[in-house]
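Got the viewer open? Load the model, colour it however you like, and follow along one selection at a time.

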Amino acid sequence: MSHAPVFLTCSTLSFDWPDGTPVFDGFQLAVGPGRTGLIGLNGCGKSTLLKLLAGELTPSDGQVAVAGTIGYLPQSVTLDTALRVDEALGIHATRAALHAIEAGEATEANFAAVGDDWDVEERALATLDQLGLARIGLDRTVGELSGGECVLLRLAALLLARPDVLLLDEPTNNLDLRARRRLYAAIESWSGVMVLVSHDRELLERVDQIADLHDGEVRWYGGNFTAYEDQLAAEQDAAERMVRVAEADVQRQKRELSDAHAKLARRKRYGQKMNDQKREPKIVMGARKRAAQESAGKHRILHTEKLAQAKERLDQAVEAVRDDDEIRIELPATQVPPGRRVLTLSNVHLAHGARVAGEWELRGPERIALVGGNGSGKTTLLRTVAGLLAPVSGEAVTHVPTRFLPQRLDVLDESRSVVENVARFAPHASNNLIRARLAHFLFRGARADRPAGTLSGGERFRAALAALLLAEPAPQLLMLDEPTNNLDLASVRQLTGALESYEGALLVASHDVPFLESIGITRWLLLDGELKPTTAEEVRAALWHE
């Protein structure tokens with residue numbers, strides 16, 4: 001690893017999407033050693049910033065300077081399923097040359113391929129073990145791994161490359177609790193520069209500083225996420241007090257201006273009375289009138305200026321108080337009577353090995369949490385219920401209108417706008433009605449016309465959720481696969497509130513146990529070879545157990 005100082009800087013950086021939507025304008029940033037948690041509302045540009053830092057995107061103006069080598073873990077990790085693990089780790093050529101030398105092919109090309117990396121296999125296996133992937137070995141193919149294991153494999157490749165700067169975008173997405181703990185340990189042991197984007201509070205508790213991206217600027221807060229919240233709360237309390245002081249000052253200036261107008265009006269009436277009664281010489285009264293008019297003008301200007309200044313101070317104070325928009329999800333009328341049959345699984349054998357023995361039913365407005373380790377088959381089961389994947393044997397039957405929000409949010413057509421995507425699911429709804437409903441998901445005006453392919457992870461979630469919930473007919477069984485991936489903390493709270501008011505049946509696969517507990521789960525099911533009843537306490541113990 002290089003011993004030169006490592007840092008990232010953005011100088012007067014500007015970036016617009018191809019449709020002209022601005023993301024950054026004259027943006028400045030300087031990041032030094034340590035773990036930096038980059039936070040901000042969905043759509044504020046966090047993932048875009050990481051792509052700019054990694055060289056995946058080119059700024060329209062300004063520049064990015066990086067001292068040292070960069071490793072980048074994108075939000076959506078896609079690996080060729082035909083790749084071997086050692087190829088995905090980037091060590092295949094070195095390993096092949098090493099094996100050739102051991103077999104007697106001591107050629108110059110093989111020695112050059114190995115270089116000084118004679119312990120490459122040992123380091124690779126140690127890194128896989130560090131991340132809980134020791135069992136997969138180096139010779140299996142990526143197609144045999146789960147989504148969460150692919151994320152960890154990509155991270156293992158970065159750790160093996162030993163970059164000076166590590167950029168991580170939502171690294172805990174799709175990871176079960178055990179895998180998350182492994183990742184937390186790897187992050188805590190990192191000694192270079194790290195910038196990570198995450199909504200995972202436990203991960204953000206392990207950073208050295210918080211960079212809060214808000215309105216195109218970054219504000220820095222020392223310490224972890226709890227320290228950030230404390231500092232932000234103190235700032236907002238002070239800002240709200242300043243608003244109250246400024247509001248009181250505006251009212252006082254308004255009263256003083258009104259009093260000044262009344263006083264000047266009385267003087268004017270008195271002067272007119274004196275003039276009418278001709279008690280003083282005309283030249284004296286004229287001079288007195290001119291002096292009064294000048295005094296009145298100065299007085300009026302003075303109080304008007306004071307009022308304008310007070311209003312400006314109020315505007316500045318209001319600006320300092322955050323009013324972050326949150327999604328407002330209005331779910332359709334989806335009531336399911338208690339006892340009504342919603343879903344039946346009959347001796348289902350899933351494509352990747354898991355089973356549901358006998359007959360299993362979901363009835364009424366039940367809320368089912370589907371949990372299990374990475375690769376246990378949760379997504380496969382949801383896709384089977386949704387009719388997207390045929391079971392090896394058995395039958396999965398839904399008895400009510402059903403909608404499925406997949407983990408990869410691939411219900412969206414990348415080339416179509418948000419409005420057009422929703423219209424595909426609700427062909428009878430008018431354009432005005434669709435736009436009015438999309439406003440509740442924070443897609444207002446031109447934002448609703450953006451192509452789905454240009455949206456951030458959180459925006460994609462909102463667009464996909466809008467498309468499904470505004471669909472016709474309204475879903476009475478809603479299935480969600482890792483719904484809190486890519487959502488900022490404010491949006492997770494809003495989603496929780498919306499699901500609490502949902503009157504249909506829920507089937508939710510998630511590794512986020514606090515989120516599951518917050519939405520009133522009525523039954524917990526653990527998929528571990530077979531579908532078994534469990535509890536939240538047992539889930540925590542099972543998934544954290546070594």
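Select residues 209–222 to begin: strand 8 and strand 9 form a hairpin with 2 residues between them. In the turn, Asp215 has a positive phi of about 55°. The two strands, residues 209–214 and 217–222, pair in the antiparallel sense over 6 bridges; pairing here takes at least two DSSP bridges between two strands. Zoom in on His214 and you'll find its bridge partner in strand 9, Glu217. Helices (H or I, at least four residues) and strands (E, at least two) are DSSP runs, numbered from the N terminus.

A word on what you're looking at: this is a predicted model, where local features need pLDDT of at least 70 and side-chain atom pairs count only at pLDDT 80 or more, while totals for chains, interfaces and linings use all residues. Residues are numbered from 1 along each chain as its sequence is written, and side-chain values use heavy atoms, with hydrogens and water left out.

Zoom out for a moment. The protein's secondary structure comes to 17 helices and 18 strands, and 48% of its 546 residues count as buried. Buried means under 20% relative accessible area, exposed over 50%, and partly exposed in between (1.4 Å probe, protein chains only). Of the contacts with a separation of 6 or more, 71% are between residues 24 or more positions apart; contact means heavy atoms within 4.5 Å.

**Next stop: strand 15**

Select 477–481. How many residues of strand 15 are buried? It's 5 of the 5, so the strand is largely enclosed by the rest of the structure. Show the side chains: Leu477, Met479 and Asp481 point one way, Leu478 and Leu480 the other.

Now add the strands it pairs with. Strand 14 (402–405) pairs with strand 15 in the parallel sense over 4 bridges, and Thr402 stands opposite Leu477. Strand 16 (505–509) also runs parallel to strand 15, joined to it by 5 bridges, with Val508 as the bridge partner of Leu480. Add helix 15 (489–501) and you have a right-handed β-α-β unit made of strand 15, that helix and strand 16. Right-handed means that, with the strands pointing away from you, the path from the first strand over the helix to the second runs clockwise.

Both flanks of strand 15 deserve a click. In the loop between helix 14 (457–469) and strand 15 sits Pro473, and the peptide bond to Pro473 from Glu472 is cis, with omega near -5°. In the loop between strand 15 and helix 15 you'll find Glu482, whose phi is positive, near 50°, though the residue isn't glycine. Glu482 counts as buried, at 4% relative accessibility.

**Asp169 and helix 1**

Jump to Asp169, in strand 6 (165–169). Where is the nearest side chain of opposite charge? That's Lys51, 6.5 Å away, and Asp169 is buried yet has no salt bridge. For charges, Lys and Arg count as positive and Asp and Glu as negative, with His and the chain ends not counted; a salt bridge is a side-chain nitrogen of Lys or Arg within 4 Å of a carboxyl oxygen of Asp or Glu.

What Asp169 does have is polar contacts: its side chain meets that of Ser47 at 2.7 Å and that of Gln75 at 3.3 Å. A polar contact is a pair of N or O atoms within 3.5 Å; within protein, one must be able to donate a hydrogen and the other to accept it, and residues adjacent in sequence count only if both atoms are side-chain atoms. Leaving aside neighbours within four places in sequence, the residues in contact with Asp169 include Leu50, Leu73 and Val197.

Click on Glu170, in the loop between strand 6 and helix 7 (177–188). Its phi is near 50°, a positive value in a residue other than glycine, and Glu170 is buried at 6% relative accessible area.

Follow Ser47 into helix 1 (46–54), where 7 of the 9 residues are buried, so the helix is largely enclosed by the rest of the structure. Among the buried ones are Lys46, Ser47 and Leu50. Gly55 comes after helix 1, with a positive phi near 85°.

**Last stop: Thr12**

Finish in strand 1 (7–16) with Thr12, which is partly exposed at 42% relative accessible area. Phe27 is 15 residues along the chain from Thr12, yet their C-alpha atoms are separated by 4.9 Å.
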